[in-house]
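Me: I would like to learn how to read a protein structure. Could you take me through one, feature by feature?

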Amino acid sequence: MIPRFGPPPGSHSYRHRAGAYAVLIRDGRALVTFQHAPEPEFQLAGGGVDPGESPVAALHREVREETGWSIGSVRRLGSYRRYCWMPDYDFWAEKLCTIYLARPIMRLGPPTEPGHDAHWVALPDLPGLLADPGSRHFARLALAGR
């Protein structure tokens, strides 16, 4: 069974939304994205898997858009489910989030996703910075396996 983080589903009609996200570690630090709106928060870089796109291809695209970095050494950590409102898309989503561990390889430029900034953070600070409880859980797992 896939674990659920966050509140249980309510009486809303939910759309299924697959997503791929990564704990990005290099040289003793973690690379995360800071999203300014709708709520300012630190997040694991990643996002939705588009129709016809593989989760790993989506992960590479989303990390590049949100941080400006390319990644390598991608390894799946696990998945979780989350029910939430997605204001950017104006719908309630049943998100199936697949989390990976990856290494930032090269900075290609600034983030191209509007409202996102890339930040390097100390590894011990990573779980406490992340807004989503599922992301915090997998960040802790990734750090424990180092």
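Reply: Happy to help; we will start with the whole chain and then visit two residues. Keep in mind that this is a predicted model.

Me: How many helices and strands does the chain have?

Reply: Begin by counting the elements, then read their order. Here there are 3 helices and 7 strands. Along the sequence they follow the pattern β-β-β-β-α-β-β-β-α-α.

Me: How compact is the chain for its length?

Reply: The idea is to compare the radius of gyration with what a rule gives for a globule. The chain has a radius of gyration of 14 Å, and the globule rule gives 15 Å for 146 residues; these are close, so the chain is as compact as a globular protein of that length. You can also picture a box: along the principal axes, the C-alpha atoms fill roughly 45 × 30 × 30 Å.

Me: What share of the residues is buried?

Reply: Buried residues account for 45% of the 146 in the chain. As for the surface, the chain exposes about 7600 Å², with carbon and sulfur atoms supplying 52% of that area.

Me: What can I learn from contacts across the sequence?

Reply: Ask how far apart in sequence the touching residues are. Taking contacts between residues at least 6 apart, 71% join residues at least 24 apart.

Me: And how many charged side chains are there?

Reply: Count each sign, then look at where the two sets are centred. The chain carries 17 positive and 15 negative side chains, and the centres of these sets are 8 Å apart.

Me: Let's visit a residue. Is His116 buried or exposed?

Reply: Compare its relative accessible area with the cut-off: buried means under 20%. His116 has 9%, so it counts as buried. His116 belongs to strand β7, which covers residues 116–122.

Me: What does His116 touch?

Reply: Look past the residues up to four places away in sequence. Beyond those, His116 touches Thr33, Phe34, Gln35, His36, Gln43, Glu66 and Pro111. With Thr33 there is also a polar contact between the two side chains, at 3.0 Å.

Me: Which class does Arg136 fall into?

Reply: Arg136 has 23% relative accessibility, so it counts as partly exposed. Arg136 sits in helix α3, residues 133–144. Apart from neighbours within four places in sequence, Arg136 contacts Pro127, Leu130 and Ala131.

Me: How far apart are Arg136 and Pro111?

Reply: Give both separations. Arg136 and Pro111 are 25 residues apart in sequence, and their C-alpha atoms are 23 Å apart in space.

Key:
Residues numbered from 1 in each chain as written. Predicted model: local features only at pLDDT ≥ 70, side-chain atom pairs only at ≥ 80, totals over all residues. Heavy atoms only, no water. Helix = DSSP H or I, 4+ residues; strand = E, 2+ residues; numbered from the N terminus. Buried < 20%, exposed > 50% of the residue type's maximum accessible area, 1.4 Å probe, protein only. Polar contact = N/O pair within 3.5 Å; in protein donor to acceptor, adjacent residues only side chain to side chain. Contact = heavy atoms within 4.5 Å. Rg over C-alpha atoms; globule rule 2.2 N^0.38 Å. Areas by Shrake-Rupley, 256 points an atom, 1.4 Å probe, with all protein chains shown as cover. Lys, Arg positive; Asp, Glu negative; His and termini not counted. Charge placed at Lys NZ, Arg CZ, Asp CG, Glu CD.
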